[in-house]
Amino acid sequence: MSAILDNAALRGASPAGALELAEQAEGTALRAPVPRFDETQIDQLFAAPRTPALWGAGFVAALAWAAFGALTLRWPNKIVGFSDWAFTDELGVFALVVAALLAVLSVAGRATPPLLRAREALTGAGPWLIAIALALAAWEILTAKTGSLPTPFFAPPQALIEVYTDDWQRLGDSAVNTLKLLGIGFGLGAIAGFLVGVSIGWSRAIGYWVHPVLRVLGPVPATALLPLTFYFFPSSYSAAAFLIALSTAFPVAVLTWSGVAGVNKSYYDVARTLGASDAFLVLRVAIPAALPNVFVGLFMGLGASFSVLVTAEMMGVKSGLGWYLTWAQGWASYVNMYAALIVMALLFSGVITLLFTVRDRALAWQKGTVKW
Amino acid sequence: MVSVATSSPAFDQQDIAIAASHPVNDTALPANDTGARIDIRGVDHWFGTRQAPLQVLDDVNLSVAPGEFVALLGPSGCGKSTLLRLVAGLEAATRGTITQDGTAITRPDPSRIVVFQDPTLYPWRRVRDNVALGLQARGVLGKERQRVDAALARVGLSEFADAFPHQLSGGMAQRVALARALVNDPRLLVLDEPLGKLDSLTRLAMQSELVDLWQRAGFSALLVTHDVEEALFLAQRVIVFSARPAKIVAELRVDLPYPRHRGDARITELRHQALRHLGLDASW
């Protein structure tokens, strides 16, 4: 058994395992003759379990989507005072198409490689596919079919489709403007916070002056400064950018600072005995060592900046998803609000995913990292 | 060991930096034919405040000849490692002078490289980039990149050049730390219990490797250890220190050729002497 694992690891099945094993076998042991054995033994050991003919969860999901489609199409909408919901038939047809695709994958998934690949990609999502169909069906019944949840505060799924097809231009503009403002504010704030954090972590003199200011003013929520900044800044847009930068800079500065201050002192000793200059100690030792902390700060700053961003857009900035929400509220158009909230959720989640992707690349050297 | 004084009489007056950057004409790491001469004269050292001073070194006088291997042996916490930090230039002695080839040591210099008890590899750098640290810090990496691979080959870790430190075992990490020191072609290698945290088998293997590296490169070596056998196996002279404040209580000359044999009767005899100076000879 051990010989099999040994060889498998050295063949590259697991790089970390190979290193450990090579280390165990260090020295003369490495040159000891490795017993030869049957390749099929390894294949059996590592062979994936055979895919079953029927994908059970997929089949149930297909049934659930079919039921959702059927009830959307066959159960007449309850008409409350105004014209019928548009896109009801389209939604029903869409659900039936999803059901048909899932049925094909679950029954005939093993027929051809492309189908098998699609099925394997979806296997983990099976329970979610069932749950989504059931949730959509319940939503459809409670709103369009029975009216248990009253209009205009609640709307059926097809109403969202209507918003996205009719108002996509305004929503798209809002999303772009939100991203732009977020990029300006978060970018400036992250840079400023990083520089402040590094300098107070590195220089005692700068720390003496900046640290107390940071401690007193840092915890003040940026939104509390909103009325003040709208007065001081030339435009509400620049005021919002400043506040977003401020809310980002605080956590980034504090975490960068603690990262720099917490660097293992012997890292500096090593570099100094090797002839490193002060600039080298900051750029090549302190900053890389503090980087994991910096990313925690960026993550926290991003969360804070979202809330300031949306508040600022609701209060003064005349564009963006926050503005869209208040605009929709002014028209009592709750469907548009739901639509905008969904866009916002996807947008912000995507931004955080992007941050974590960058983090994973920058910190590839770390063993285990926080999952998103 | 080749003596500096005869091969280059003018050398003592020159700045030590010249030795660190002496021309490289071989692709392999060239043997450094000039180990540093270290003179420690009347060194006292205190830690702590004026109210609660703590003396760690008491009138230490010691010389290391060029190319000599000297071990400092003493009870743990006695102040041997502090002496190494002073020699490395990481701290200044409270009283007394420490010179390298006649020049006072005031700050760290790449001609004196320290290998610490922990490998202290930078976890964000691959093995190769960790070894390249000294060359990069002095801005000569572009010119002398081939030395990195040569140093890795010398400690037998060429295959792991692209690994990250967390993928290495303790012994491998310490060998990378050695390569990181050797790539700078040091004139003095300061070893602060470099094998202290390794398992006993790896430790024995690395003791032999150390002797081998020292014999080939010709640097002077100053080793702190609290392992009597290690000191006797590696060093030409073993300096025994008292408990804090550290004071030299004995000097043992290990007049045995390399490679040495651990079972040698002379080593057993010297071990008994050393333990007697440390007050631990009852069990031997």
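Two residues are taken to be in contact if their C-beta atoms, placed from the backbone, lie within 7 Å. The views below show a predicted model.

**View 1. Helices α14 and α15 of chain A meet at an oblique crossing.** Residues A:Leu309, A:Val310, A:Thr311, A:Glu313 and A:Met314 of α14(A) are in contact with A:Leu321, A:Gly322, A:Trp323, A:Leu325 and A:Thr326 of α15(A). The two helices cover residues 278–315 and residues 321–330 of chain A respectively, and their axes come within 7 Å of one another while crossing at roughly 45°. Because that angle falls outside the ranges for roughly parallel, roughly perpendicular and roughly antiparallel axes, α14(A) counts as oblique to α15(A). The crossing in which α14(A) passes α15(A) is right-handed.

**View 2. Helix α12 of chain A, residues 236–261, is shown along its course.** With 26 residues at 1.5 Å a residue, α12(A) should span 38 Å, and its end C-alpha atoms are 37 Å apart, which agrees with that expectation. Along this course α12(A) bends by about 25° at A:Ala249, and the proline A:Pro251 follows within four residues of the bend. Of the 26 residues in α12(A), 22 are buried, so the helix is largely enclosed by the rest of the structure.

**View 3. Helix α8 of chain B, residues 170–182, is shown with its buried residues.** The 13 residues of α8(B) reach 18 Å from the first C-alpha to the last, which is close to the 18 Å expected at 1.5 Å a residue. As 12 of these 13 residues are buried, α8(B) is largely enclosed by the rest of the structure. The buried positions include B:Gly171, B:Met172 and B:Ala173, followed by B:Gln174, B:Arg175 and B:Val176; also among them are B:Ala177, B:Leu178, B:Ala179, B:Arg180, B:Ala181 and B:Leu182.

**View 4. The two chains are set out with their secondary structure.** Chain A has 16 helices and zero strands, whereas chain B has 11 helices and 10 strands. Buried residues make up 31% of the 372 residues in chain A, and in chain B they make up 46% of the 284 residues. Among the contacts in chain A with a separation of 6 or more, 74% are between residues 24 or more positions apart; for chain B, among contacts between residues at least 6 apart in sequence, 72% join residues at least 24 apart.

Note on methods. Residues numbered from 1 in each chain as written. Chains lettered and ligands numbered in written order. Predicted model: local features only at pLDDT ≥ 70, side-chain atom pairs only at ≥ 80, totals over all residues. Expected span 1.5 Å × (residues − 1). Bend = angle between axes of the 7 residues up to and from the residue. Buried ≥ 20, exposed ≤ 12 C-beta atoms within 10 Å, placed from the backbone. Axes fitted to C-alpha atoms, helices over the stretch in contact; angles between N-to-C directions. Parallel < 35°, antiparallel > 145°, perpendicular 65-115°, else oblique. Left-handed = near helix turned anticlockwise from the far one by under 90°.
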